[in-house]
Amino acid sequence: MRAVVSSFQRGYKSAPVFFRGKLVESQDTPERLEAFIAVVREMNIDLIEPPVIADALLKSVHDPGYLEFLTQAPRRWPDMMPGLTCLMPNIYPTRHFPARRPRHFLGQAGYYLGDTASPLTAQTWAAALGSASSAAYAANLVLAGEPVAYALCRPSGHHAHADMGQGFCFLNNAAIAATLARTRHARVAVIDIDVHHGNGTQHIFYDRDDVFFASLHSDPDMTYPFFIGHADEIGAGSGEGFNLNLPLEVGSGDPAYLAALDIAIDRIRWFDPGFLVVSLGLDAHESDLLGSLNVTSEGFVEVARRLAALRVPTVLVQEGGYTVSEVGHVLRSVLSVFAAASKQG
Ligand SMILES: [Zn+2]
């Protein structure tokens, strides 16, 4: 197994975010990425610098207007609003507004950024592009014949829509990996085990029957992203039946989690994909500071065992996991299982 991280991701510091009524340092710290890198190095897994993702691949997942906003807004704001260090909307096109894109970049911020957990800084684009490049290259390694590869993505991607950033996410790394895999495989599955629903990935593939999406997450009635991720969201049009949400009661531990995982795995076997993308959030762990489930370290080992037993070429795409002192050992357990499984051939 090899791992991929871009130097453009290193040191990226998000602007402060709102948390429990206060503006605080983002929980998505640069130290998270360093913790992932430390694990990979300790395990003597080769760490590769990826080439920059192909523009055509990026545009096959993301809206050109949104990409232009991400690249151009930080260039425009020093002239229009001197002293501005980050862009966080103060208004969004909510339920009673038409979804019309304003010309002013502050209005566009509300149009293109879905919540206050995705403020834009002058460094965001480079880091997000680096993260997407890591996912694309890891997918390429697997397409070239490696059984598994690990993309150390940060910023994460699974809350990012084709045309909207949200929840620390700007470019949807898992969707990019899946889209690339679709160039070689008729059917691609994405399983999202982050504690938060993978709403961006769901939205991108919602009307498609060639990419099956399954998400295990904490009940959105009680947890972020709140408005989406329910069991009755099953896909639309030709995608009906190819979207599987398995919301879990807040506080659920290993038994409920593994039972839901088995349901997802059964459906993945039925779908018979040629390629699997795992949106590898570690924030369902019982120690996580943003999580609301109680999966143990042993539970994560079992999750990895059951996914590896699918014996489908797999790219692991890092998503959440916020307790820096704990994410390392959880990741080590997961990677060890996949590394051992890949050696068995
Ligand atoms: Zn998460």
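This is a short exchange about how features of a predicted model get their labels.

Colleague: What should I know about the source before we start?

Modeller: The model is predicted: local features need pLDDT of at least 70, side-chain atom pairs count only at pLDDT 80 or more, and totals for chains, interfaces and linings use all residues. Residues are numbered from 1 along each chain as its sequence is written, and side-chain values use heavy atoms, with hydrogens and water left out.

Colleague: Why is His285 called buried?

Modeller: Buried means under 20% relative accessible area, exposed over 50%, and partly exposed in between (1.4 Å probe, protein chains only). His285 has 4% relative accessibility, so it counts as buried. His285 is in the loop between β9 (275–280) and α9 (297–308). Helices (H or I, at least four residues) and strands (E, at least two) are DSSP runs, numbered from the N terminus.

Colleague: Which residues is His285 in contact with, neighbours within four places in sequence aside?

Modeller: Contact means heavy atoms within 4.5 Å. His285 touches Leu293, Val295, Thr296, Ser297, Phe300, Glu326, His329 and Val330 in that sense.

Colleague: Why does Asn44 count as exposed?

Modeller: Its relative accessibility is 68%, so Asn44 counts as exposed. Asn44 lies in the loop between α1 (30–42) and β4.

Colleague: What makes the phi of Asn44 worth a look?

Modeller: Most residues other than glycine have a negative phi. Asn44 is not a glycine, yet its phi is positive, about 55°. Arg311 also has a positive phi, near 55°, and is a residue other than glycine. Arg311 sits in the loop between α9 and β10 (314–318).

Colleague: Which peptide bond before Pro155 is cis?

Modeller: The one joining Arg154 and Pro155, with omega about 5°. Most peptide bonds are trans. Pro155 lies in the loop between β5 (148–151) and α6 (173–181). The bond from Tyr224 to Pro225 is cis too, with omega near 5°.

Colleague: How do you know that β6 and β7 pair?

Modeller: Two strands pair if DSSP finds at least two bridges between them. Strand β6 (residues 188–192) and strand β7 (residues 211–218) have five bridges, in the parallel sense. Ile191 stands opposite Ala214 in β7.

Colleague: What is the strand order in the sheet?

Modeller: The open sheet has eight strands, ordered β4-β1-β5-β10-β9-β6-β7-β8, with parallel pairing.

Colleague: Why are β4 and β8 at the edges?

Modeller: β4 (46–48) and β8 (243–248) each have a single partner strand, so one side of each is left without a neighbour in the sheet.
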